[in-house]
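Student: I would like a close look at a single part of this protein, a helix and what surrounds it. Please set that part in the context of the whole chain before going into detail.

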Amino acid sequence: MSHVAIEPHGGKLINRISKNVDIKDLFQLQINHELANDVENISDGVFSPLEGFMCKHDFESVVQHGALENGLSWTIPIIMDVDETTAKQIQKSDVLLKTPYNNIAILHVDEVYTYDKKQIMDKIYLTNDMHHPGVQKTSLLKKFLVGGKIDYLERPYDTNRAHRKTPIETRAQFKKLGWNSIVAFQTRNPPHVAHEMMQKTALVNHDGLFINPLIGKKKTGDFKDDIIIKSYETLIDLYYSNNTCELATLHTDMKYAGPKEAIHHAIMRQNYGCTHIIIGRDHAGVGNYYKPFTAQQIFDYYQDLKIKPIFFPTFFYCTLCLSFTNSKVCPHDVRNHNQVSGTNLRQMITQKIIPSKYIMRPEISKIIIDHKDPFVD
Ligand SMILES: [Zn+2]
């Protein structure tokens with residue numbers, strides 16, 4: 001069967017990796033790890049069709065309407081914030097973006113502008129409650145935003161890069177494997193057996209699975225990145241058939257923006273070459289800010305995405321069904337289900353109690369329990 005690749009979002013895969021750029025005499029600006037990740041994602045085309053940080057028109061349109069100025073769906077602002085002193089120094093100039101380790105990119109400043117944080121909270125996060133981690137982060141943004149295209153120079157130092165791949169690389173790999181129908185799985189947790197069974201159910205009708213854990217700043221109590229990576233490496237090695245599953249890490253921060261972030265997660269996976277994405281109950285949510293199925297319903301309003309969402313009911317092991325099943329199929333009372341909440345699982349791990357093999361593979365439990373410090377502070 002011949003290989004047919006899905007179009008990137010907006011039709012063109014962006015590549016802003018540059019060579020032979022003159023960086024002499026440029027204004028230098030240190031950026032944090034999170035912004036450095038965004039710069040790299042822009043340059044690699046993970047955020048296609050974006051070629052840089054958003055200028056005011058795109059920013060306003062994304063916040064107000066969930067679309068770029070040209071009408072293409074886009075739900076999360078990709079922005080770079082600077083303080084007032086910097087804002088005055090970099091108007092309409094080329095700026096060298098640096099990390100503590102190297103020069104990573106040139107930003108061709110097109111526009112420096114002010115913006116309304118409250119609008120971001122109301123329209124993207126749908127709340128201005130400071131307990132929401134995305135709202136809190138928004139409140140800490142500096143006073144000005146800078147828009148302009150990126151030219152990428154050199155990848156920064158980063159310890160967790162073993163599985164970091166560009167859309168060019170993942171698309172080449174899908175082609176090599178002959179996969180046409182590829183299901184993305186977004187995660188920020190080590191796998192429960194129920195996740196594994198859901199993924200394998202998706203594999204019945206699709207060619208391959210793209211497990212794409214999100215690596216980056218998370219909230220207190222979330223699992224650390226190295227646990228998520230190690231546990232998926234182990235799971236794929238021991239429990240997946242050859243050539244059915246690819247693992248790559250996505251280096252961007254969780255926003256916890258629920259429905260709006262579900263769309264953003266889908267767009268990034270389309271750019272990686274996936275045709276489908278599993279969207280769970282309360283996808284990218286936190287606390288009780290979003291209704292459980294809003295992240296699924298929102299896809300009705302974003303019809304120009306080529307990637308298609310797959311919605312699954314909750315999976316679990318049922319002692320009467322004698323199998324892993326789900327809330328749609330199993331008629332039995334929840335007393336017969338082997339299920340544990342995230343909070344309870346955390347407590348068990350803290351107390352070094354190994355969860356049942358129907359909850360978590362013993363090899364995965366061991367990785368977590370042996371870790372000296374498994375949770376984000
Ligand atoms: Zn049952």
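Tutor: In this predicted model, 41% of the 377 residues of the protein chain count as buried, and the helix to look at closely, H1 (residues 33-44), is mostly covered, with 9 of its 12 residues buried.

To begin with the whole chain, the C-alpha atoms fill a box of roughly 70 × 50 × 40 Å along the principal axes. A compact globule of 377 residues would have a radius of gyration near 21 Å, and the value for the protein chain, 21 Å, agrees with that. The protein chain holds 12 helices and 15 strands, and of the contacts between residues at least 6 apart in sequence, 75% join residues at least 24 apart.

The chain is divided into domain 1, residues 27-152, and domain 2, made up of 167-254 + 313-370, and the centres of domain 1 and domain 2 are separated by 32 Å, taken over C-alpha atoms. To the contact between them, domain 1 gives 8 residues and domain 2 gives 7 residues. It is here that H1 enters the picture, since the largest share of the side of domain 1 that touches domain 2, 5 residues, comes from this helix. The residues of that side divide into 2 nonpolar, 3 polar and 3 charged.

Turning to the helix itself, H1 reaches 16 Å from its first C-alpha to its last, close to the 16 Å expected for its 12 residues at 1.5 Å a residue. The buried residues of H1 are Ala36, Asn37, Asp38, Val39, Glu40, Asn41, Ile42, Ser43 and Asp44. What covers these buried residues includes strand S2 (52-53), strand S4 (94-98), strand S5 (103-114) and strand S6 (144-152), together with H6 and strand S10 (250-251). Just after the helix, Gly45 takes a positive phi of about 90°.

Within H1, Val39 deserves separate attention. Leaving out residues up to four places away in sequence, Val39 touches Leu97, Ile104, Ala105, Ile150 and Tyr152. Val39 is also listed, with Ala105, Leu107, Val146, Val183, Phe210 and Cys274, among the residues with the most contacts inside the largest nonpolar core, which has 89 residues. Both domain 1 and domain 2 give residues to this core, so the core lies between them. As a general point, nonpolar side chains tend to be buried together in soluble globular proteins.

One of the elements covering H1, helix H6 (residues 167-177), contains Arg171. Arg171 counts as buried because 22 other C-beta atoms lie within 10 Å, where 20 or more are required. Apart from neighbours within four places in sequence, Arg171 is in contact with Ala5 and Gly273. The C-alpha atoms of Arg171 and Gln339, which are 168 residues apart along the chain, are separated by 36 Å.

Another helix can be set beside H1: helix H7 (residues 193-204) also has 12 residues, and reaches 17 Å from its first C-alpha to its last, close to the expected 16 Å. The buried residues of H7 are Val193, Ala194, Met198 and Gln199, and they pack against strand S7 (182-187), strand S8 (208-215), strand S13 (315-318) and strand S14 (323-326).

Notes. Residues numbered from 1 in each chain as written. Predicted model: local features only at pLDDT ≥ 70, side-chain atom pairs only at ≥ 80, totals over all residues. Domains from an automatic or database assignment. Contact = placed C-beta atoms within 7 Å. Helix = DSSP H or I, 4+ residues; strand = E, 2+ residues; numbered from the N terminus. Nonpolar A, V, L, I, M, F, W, Y, C, P; charged D, E, K, R; others polar. Core = buried A, V, L, I, M, F, W, Y, C linked by C-beta atoms within 7 Å. Rg over C-alpha atoms; globule rule 2.2 N^0.38 Å. Expected span 1.5 Å × (residues − 1).
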